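Take a walk through this protein, from its overall build to its empty spaces and then to a few residues inside. Keep the model open alongside the text.

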Amino acid sequence: MINMRFQNIILAIPLCLASAPLPAASWEVDFLGPAREISHSSSASRDTAALGLVAAPHRILTGGGDFSVLQLRDQRLSLRLGVFAMMELESEGKSSGFDGILPKGDINFWRGLYGYSVAASLDDFANRHLGPRGALEVTLNFRHESEHYTGSNEGGEAIDYSDRPHIGNFIMLDIAARLPFDRLELIGRLQHKFFLPNAGGYSQGPGGDLIVRWRRWNHIHPFSSLFAEYLFGVNIYPDAYLVRDLTGFVVPSQAGDIYLFISADVGHRKGLAVFTEERTLGFGVRFAFS
């Protein structure tokens with residue numbers, strides 16, 4: 001039933017965009033806000049631009065922002081021009097205990113991403129067909145990703161990672177819907193990455209999110225977020241995939257959300273460690289500001 005509902009929503013998008021009038025006099029203009037109507041901050045994707053820490057099995061530190069610099073809104077449609085940037089630091093090996101409350105480990109791998117987005121939220125359609133908290137959004141992203149290695153400060157020969165595939169530049173299209181069922185909230189997102197030719201080690205990358213959040217209590221919301229992605233390698237580079245789940249609790253506030261979660265990963269690591277395929281279980285925290 002849910003699948004049919006989500007398919008009908010996707011099929012209705014072109015008709016809604018074609019029928020939505022764009023009178024210039026009715027637009028409201030605003031600056032500096034969320035990049036999307038349907039936030040990406042609850043995604044289990046490793047490309048989520050939020051402040052976070054995964055303590056085990058590999059220490060992963062993430063920081064970034066995903067915000068709009070310009071928003072246009074009328075009665076039917078909201079348009080947002082967004083800016084995206086994030087950096088992720090990851091241990092090559094496993095965490096080696098704790099220094100107070102902070103996990104210890106090397107920081108040899110890091111990734112940097114930045115880009116732009118244009119998001120169109122079909123507000124009137126979602127309000128009429130999905131309910132007051134419902135949302136339907138199409139986003140076009142242009143991004144660049146680079147991967148790096150930090151060697152020892154004590155000298156010695158650096159490790160050669162020249163055989164690893166690089167992400168480079170890509171265009172990503174995603175379609176997301178937020179479906180409210182009383183206090184239960186379901187978010188579905190389909191995305192597809194199109195890598196620019198001769199710019200990296202991959203050609204395409206389909207993926208998607210399925211997120212459930214139960215707003216049963218005011219100060220704590222159980223949630224589970226499942227993300228999956230498959231990257232098709234080109235030339236000498238093999239394919240890579242990742243299935244990742246975050247399950248735990250959200251502590252909401254007026255400023256944003258605190259996520260406390262257990263993480264489960266199956267597939268390839270990110271960045272220069274992409275040749276490593278593993279199954280891991282860990283835990284962490286994420287801070288997402290609204």
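The paragraphs below start with the whole chain, turn to its cavities and pockets, and end with three residues.

This is a predicted model. The protein has 2 helices and 16 strands. Of its 290 residues, 46% are buried. Look next at how the chain meets itself. Take the contacts with a separation of 6 or more: 64% of them join residues 24 or more positions apart. The outside can be summed up in two values. The protein exposes about 15000 Å². Carbon and sulfur atoms supply 62% of that area.

Now for the empty space. Rolling a probe the size of a water molecule over the atoms shows where such space is left. How many cavities of 30 Å³ or more does the count come to? The count is 5. The largest cavity has a volume of about 170 Å³. Its lining is made up of 19 residues. Nearest its centre lie Ile167, Leu231, Arg269, Lys270 and Val274. Three elements each give two or more residues to this lining: strand 9 (135–149), strand 13 (221–233) and strand 14 (240–252). What classes of residue form the lining of the largest cavity? There are 9 nonpolar, 2 polar and 8 charged residues.

The pocket comes next. About 910 Å³ of space lies in the largest pocket. The lining of this pocket consists of 37 residues. Pro34, Ser39, Ser41, Phe289 and Ser290 lie nearest the pocket's centre. Several strands give two or more residues to the lining, among them strand 2, strand 5 (78–90), strand 12 (202–214) and strand 16 (277–289). Which strand supplies the largest share of the pocket lining? Strand 4 does, with 4 residues. By class, the lining of the largest pocket has 15 nonpolar, 12 polar and 10 charged residues.

Now go to single residues. Start with aspartate 47. Aspartate 47 sits in the loop between strand 2 (33–34) and strand 3 (51–56). Is aspartate 47 buried or exposed? Its relative accessible area is 4%, so aspartate 47 is buried. The side chain of aspartate 47 makes a polar contact of 3.0 Å with the side chain of arginine 111. Beyond its neighbours within four places in sequence, aspartate 47 is in contact with residues including His40, Phe84, Arg143, Lys193 and Lys270. Lys270 also appears among the residues nearest the centre of the largest cavity.

Follow the contact from aspartate 47 to lysine 193. Lysine 193 belongs to strand 11. Lysine 193 counts as buried because its relative accessible area, 4%, is under 20%. Which side chain does lysine 193 reach by a polar contact of 2.9 Å? The partner is glutamate 229. Setting aside residues up to four places away in sequence, lysine 193 touches Asp47, Phe170, Ile171, Met172, Ser203, Gln204, Gly205 and Glu229.

One of these leads to the last stop, isoleucine 171. Isoleucine 171 is found in strand 10 (residues 168–181). Its relative accessibility is 32%, between the 20% and 50% limits, so isoleucine 171 counts as partly exposed. Isoleucine 171 touches Leu140, Asn141, Phe142, His192, Lys193, Phe194 and Leu196, again without residues up to four places away in sequence. Tyrosine 116 is 55 residues from isoleucine 171 along the chain. The C-alpha atoms of these two residues are separated by 9.8 Å.

Definitions and conventions. Residues are numbered from 1 along each chain as its sequence is written. This is a predicted model: local features need pLDDT of at least 70, side-chain atom pairs count only at pLDDT 80 or more; totals for chains, interfaces and linings use all residues. Side-chain values use heavy atoms; hydrogens and water are left out. Buried means under 20% relative accessible area, exposed over 50%, partly exposed in between (1.4 Å probe, protein chains only). A polar contact is a pair of N or O atoms within 3.5 Å; within protein, one must be able to donate a hydrogen and the other to accept it, and residues adjacent in sequence count only if both atoms are side-chain atoms. Contact means heavy atoms within 4.5 Å. Accessible areas come from the Shrake-Rupley method with a 1.4 Å probe; for residues, only the protein chains shown count as cover. On a 1 Å grid over the protein atoms alone, a cavity is a set of points where a 1.4 Å probe fits but cannot get out, and a pocket is an open set with protein on both sides within 12 Å along at least five of seven lines; lining residues have an atom within 4 Å of a point. Grid points are joined across faces, edges and corners, and a volume is the space filled by probe spheres set on the points. Ala, Val, Leu, Ile, Met, Phe, Trp, Tyr, Cys and Pro count as nonpolar, Asp, Glu, Lys and Arg as charged, and the others, Gly among them, as polar.
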